[in-house]
Amino acid sequence: MSTRTRSRGGGGIVGAVKTDLQRLHGAWMEIVFPRQRGRGHSVMGKWEPETLPQKIGYHGWSVLGTIGLLLLYPLTVVGLATRYYAAKLDSTRTRLGIVGVTALALVGWGALTLAWGAMSYMEQVDIPLNSVLAVAAASGVATLATALAASCAKFGGRVTTVVLAYPFAMTALFLPPVVAALVTPALEPYVLEPSYAFAAWLLENPLSIGGINEYLWANYSLEGAAYAGMWFGLSFPLGWFFGIVVALANLVRPSN
């Protein structure tokens, strides 16, 4: 912990949290009022309200920001953890390059597909050809999603990384296990059953707004390839969520 952090509110976790909250609240205040992160404006000093309307608006806006922090700061912690692991993956991508990362994914998923295909020809293992093709298709999608995520992260800016790179990374993570579970009954209790329970929770809670769940219940059934479609669709909002919380973490604690 740096001397600067200690001076702002004690050392350790308490000091770090206080510094984060001050920075977030100052950023919130600067949306409406100038020069609110006072240490960054050492020449002119922190702006203070003078008239009664200014004071009412200033303190009201401050209270709204404080309430928002109670909701946002836990997300900031999630963002810091996500950024840490994303940085590890980005370091690998930097060392290997986009072609290297794609090749690594291709080798890994290709080996799985070849192993699955070899098992299908063994007399003691009965694996239909369609199952082998399904794993091969999932492997191809995972490899393509890995390449797209690496490309968006390298060549795109922050917006492209949030909008595309994180969702493609989620696709590469979610889709292959789901497809493998579809063709491997032994994996069903570990992948498909939790997926069904999660889908039921979504339908009974957030998707119940506006009768969306009734439409989905009436027109779709969660079986077979629908599981893959479900997780492909979920990979985008989940990717956006993780991308946004990382952006929030970058606001609070800019990475070096």
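Which residues form one aromatic cluster? Select Phe 168, Phe 232, Phe 236 and Trp 240, and the members of that cluster are on the screen. Keep in mind throughout the tour that the model is predicted.

**The whole chain**

Before going further into the rings, it helps to step back and colour the protein by secondary structure, which shows eight helices and zero strands, so that, read from the N terminus, the order of elements is α-α-α-α-α-α-α-α. Of the 256 residues in the protein, 33% count as buried. With the surface switched on, the accessible area comes to about 15,800 Å², and carbon and sulfur atoms hold 69% of that area. If contacts with a separation of 6 or more are considered, 63% of them join residues that are 24 or more positions apart.

**The stacked rings around Phe 198**

Return now to the aromatic side chains, of which the structure holds 12 pairs. Select Phe 198 and Trp 201, whose ring centres are 6.3 Å apart and whose planes meet at 10 degrees, so this pair is stacked. Both residues belong to helix α6, which covers residues 188-204, and they are three residues apart, about one turn of the helix. Phe 198 has a relative accessibility of 31% and counts as partly exposed, and Trp 201, at 45%, is also placed in the partly exposed class.

Keep Phe 198 selected and add Trp 231: here the ring centres are 5.9 Å apart and the planes again stand at 10 degrees, so this pair, too, is stacked. The pair links distant parts of the chain, since Phe 198 is in helix α6 whereas Trp 231 is in helix α8, 33 residues apart. Trp 231 is buried, with a relative accessible area of 14%, because the buried class takes in residues under 20%.

**The nonpolar surface patch**

Next, show the surface and select Val 159, Val 163, Leu 164, Trp 240 and Ile 244, which together make a nonpolar patch of about 440 Å². Trp 240, already met as a member of the aromatic cluster, is thus also one of the residues of this patch. Which helix gives the most to the patch? Helix α5 does, with three residues, while α5 (158-183) and α8 (225-252) each supply at least two. Zoom in on Val 159, which is located in helix α5 and has a relative accessibility of 62%, so that it counts as exposed.

**Asn 213 and its surroundings**

For the last stop, select Asn 213, which is found in helix α7, residues 212-219. Is Asn 213 buried or exposed? Asn 213 is buried, with a relative accessible area of 9%. Display the side chain of Asn 213 together with the backbone of Leu 203, and the side chain can be seen to reach the backbone oxygen of that leucine at 3.0 Å. Once neighbours within four places in sequence are set aside, the residues in contact with Asn 213 are Leu 203, Leu 207 and Ser 208, and adding these residues to the selection completes the view.

Definitions and conventions:
Residues are numbered from 1 along each chain as its sequence is written. This is a predicted model: local features need pLDDT of at least 70, side-chain atom pairs count only at pLDDT 80 or more; totals for chains, interfaces and linings use all residues. Side-chain values use heavy atoms; hydrogens and water are left out. Patches are made of residues with over 30% relative accessible area and no salt bridge: like charges are joined within 9 Å, nonpolar side chains (Val, Leu, Ile, Met, Phe, Trp, Tyr) within 5 Å. Accessible areas come from the Shrake-Rupley method with a 1.4 Å probe; for residues, only the protein chains shown count as cover. A salt bridge is a side-chain nitrogen of Lys or Arg within 4 Å of a carboxyl oxygen of Asp or Glu. Helices (H or I, at least four residues) and strands (E, at least two) are DSSP runs, numbered from the N terminus. Buried means under 20% relative accessible area, exposed over 50%, partly exposed in between (1.4 Å probe, protein chains only). A polar contact is a pair of N or O atoms within 3.5 Å; within protein, one must be able to donate a hydrogen and the other to accept it, and residues adjacent in sequence count only if both atoms are side-chain atoms. Contact means heavy atoms within 4.5 Å. Rings of Phe, Tyr and Trp (its six-membered ring) pair if their centres lie within 6.5 Å; planes under 30 degrees apart count as stacked, over 60 as edge-to-face and the rest as tilted.
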